[in-house]
Amino acid sequence: WLRDEIRMTKKLTDKPFGVNIMLMADNIDEIVEVVCVEGIKFATLGAGNPVPYISKLKDHGILPIPVVPNLRLAKKVENAGAVAIVVEGMEAGGHIGTQTTMALLTNIIPQIKIPVVAAGGIVDKRGYNAAMIMGASGVQMGSRFLLSEECVVHHNVKEAIIKATDTDSIVTGFTKGHGVRGLKNKFTKRYLEIELSCGDREEMSRMSKGTAKAAAIDGDIETGLVQVGQSLGQLNHIMSCKDIIKELID
């Protein structure tokens, strides 16, 4: 599937593009091998230790850009040869760390030399400008592009995000060191009841399996998990990717 997606993208554009590598994947070595063979331009790496894969990607002419949640890992990947990093705060949707975007930018940018891309809670021009003032070289936005016309996420997910208020996001798995941010629903209520009482890891793992797909693909926004960041107040309309970017930088 990954190989087919990369090849299809090459047919659609002659511009550079990248692949996001989720390091917790069971077949991570196979994924990295496909990325290297297909020869894309860059790869972001998150949800795990990116260091073992940095040199291999560079050997194949692919620019490695790890996602980091703290200063220690930022220094580690810089020393290992990363060309840039994405600094993602806990305001982001999906898998998160324990520090805010503002604190991470404050702590990391003065300490390293490679470019920093800011992520986590950035959805509009104000967030973009704030990141630039802090010294970032760019921003990464996931939640904003969920509400793009081109995004193939289920329409129920888009509607749920539009209807959500600023207090409607919540983190599951935080006490176990693997926090995931999404919208409050029946799944998160039940999951947190177990997490904060008996903390049964096997039951929690069973409950969470397949919940991202259930929401994003199948449109089940109650027993699936709608992964989205905290800046929900400004996520209230669907636009084309072109107009989102134009609004951001005009």
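A residue is called buried here when its relative accessible area is under 20%. The model on screen is predicted.

**Stop 1: T44**

Select T44, which sits in strand β2, residues 42-46. Its relative accessible area is 11%, so T44 counts as buried. Now show what surrounds T44: leaving out residues up to four places away in sequence, it touches V19, N20, I21 and I65.

**Stop 2: helix α4**

Move to helix α4, residues 71-80, and colour L73, A74, V77 and E78, which are buried. Look down the axis of α4: these buried residues fall within an arc of 135°, and therefore line one face of the helix. On the other side of α4, select R72 and N79; both are exposed.

Next, display the elements against which the buried residues of α4 pack: α3 (51-59), β3 (63-68), β4 (85-88) and α5 (101-108).

Then inspect the two ends of the helix. At the N-terminal end, N70 acts as a cap, with a side-chain oxygen 3.3 Å from the backbone nitrogen of R72. After α4 comes G81, which has a positive phi, near 110°.

**Stop 3: the nonpolar cores**

Which residues touch the most other members of the largest nonpolar core? Select V68, V77, I85, V87, I108, I112 and V116; the core they belong to has 23 residues. Two or more residues of this core come from each of α4, β4, α5, β6 (116-119) and α12 (241-249). Another core, of 17 residues, lies apart from this one; I6, I21, V32 and V34 are among its members.

Return to the largest core and centre on I108, one of the residues that touch the most other members. Setting aside neighbours within four places in sequence, I108 contacts V68, N70, L71, A74, I85 and V87. Among these partners, A74 is one of the buried residues of α4, and N70 is the residue that caps that helix.

**Stop 4: the sheet β5-β9-β8**

Select β5, β9 and β8, three strands that form an open sheet in that order with antiparallel pairing. Its edge strands are β5 (94-95) and β8 (169-172), each pairing on one side only. Zoom in on β5 and β9 (residues 180-183): two bridges join these antiparallel strands. Here H95 stands opposite V180 of β9.

Finish by adding helix α9, residues 186-195. The helix lies across β8 and β9, and runs at about 40° to β8.

Technical notes:
Residues are numbered from 1 along each chain as its sequence is written. This is a predicted model: local features need pLDDT of at least 70, side-chain atom pairs count only at pLDDT 80 or more; totals for chains, interfaces and linings use all residues. Side-chain values use heavy atoms; hydrogens and water are left out. Helices (H or I, at least four residues) and strands (E, at least two) are DSSP runs, numbered from the N terminus. Buried means under 20% relative accessible area, exposed over 50%, partly exposed in between (1.4 Å probe, protein chains only). Contact means heavy atoms within 4.5 Å. Two strands pair if DSSP finds at least two bridges between them. Axes are lines fitted to C-alpha atoms, for helices over the stretch in contact, and angles run from 0 to 180 degrees between N-to-C directions. The arc is that of the directions from the helix axis to the C-beta atoms. A polar contact is a pair of N or O atoms within 3.5 Å; within protein, one must be able to donate a hydrogen and the other to accept it, and residues adjacent in sequence count only if both atoms are side-chain atoms. A nonpolar core is a set of buried Ala, Val, Leu, Ile, Met, Phe, Trp, Tyr and Cys residues joined through side-chain atoms within 4.5 Å.
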